[in-house]
Amino acid sequence: MQTALLPEDIISLAERVVAENAAAGRMVVLAESCTGGLVAGALTEIPGSSAVLDRGFVTYTNAAKMEMLGVASDIIETFGAVSIACAWAMAKGALDRSKADVAVAISGVAGPGGGTPQKPVGTVVFARVVRGETGEPEGELRFFDGGGGPGGRAEIRRQATLCALELLLP
């Protein structure tokens with residue numbers, strides 16, 4: 001019998017995120033696009049996650065990113081939704097609209113379509129914003145292999161979820 005909805009690697013990392021953030025007295029917020037709520041879903045698989053997860057925003061469309069998170073249209077028009085600039089604006093918007101201490105945002109091309117030569121399938125951007133910290137925003141562009149065949153979309157989303165969970169560790 002399956003005891004968890006998600007794969008074991010995601011569950012074990014989510015357990016660490018919940019335990020370590022709870023120990024630090026830290027709340028988190030998520031702004032998810034290509035992962036469609038998987039990161040928040042992974043956290044809520046863990047008992048006690050309500051002490052850590054403030055809320056999550058699933059902003060799949062550009063309009064949702066602008067309306068729910070306050071991402072400026074010129075960021076999307078200039079850099080695209082799959083850009084560090086957009087992910088950072090998503091994370092900042094999520095933090096501003098929550099009571100959390102740290103925000104992580106994810107946006108990417110999960111495939112099988114939608115890729116371009118500049119941003120092929122498997123391109124995913126992440127950003128983290130910590131309340132009260134100044135300095136350069138944290139952002140990262142990653143490329144995840146495996147998007148070409150059957151199950152490719154799921155594999156890219158799995159890898160993106162793991163990466164986002166790692167960014168939530170204190």
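Begin by selecting strand β4, residues 123-130: 8 of its 8 residues are buried, so the strand is largely enclosed by the rest of the structure. Buried here means under 20% relative accessible area, with a 1.4 Å probe and protein chains only, and strands are DSSP runs of E with at least two residues, while helices are runs of H or I with at least four, numbered from the N terminus. The model is a predicted one, in which local features need pLDDT of at least 70 and side-chain atom pairs count only at pLDDT 80 or more, whereas totals for chains, interfaces and linings use all residues. Residues are numbered from 1 along each chain as its sequence is written, and side-chain values use heavy atoms, leaving out hydrogens and water.

Colour the two faces of β4 separately, and you will find T123, V125, A127 and V129 buried on one side, and V124, F126, R128 and V130 buried on the other.

Next, add strand β3 (residues 102-108), which pairs with β4 in the antiparallel sense over 7 bridges; two strands pair if DSSP finds at least two bridges between them. Look for I106 of this strand, opposite F126 in β4. Then add strand β5 (residues 138-143), which pairs with β4, again in the antiparallel sense, over 6 bridges, and find T123 opposite F143.

Now move to helix α5, where the buried residues include C86, A87 and M90, and where the cover over the buried residues includes β3 and β4.

Finish with helices α1 (residues 8-24) and α6 (residues 152-167), which pack at an angle of about 15° with their axes 9 Å apart.

Note on methods: Buried means under 20% relative accessible area, exposed over 50%, partly exposed in between (1.4 Å probe, protein chains only). Contact means heavy atoms within 4.5 Å. Axes are lines fitted to C-alpha atoms, for helices over the stretch in contact, and angles run from 0 to 180 degrees between N-to-C directions.
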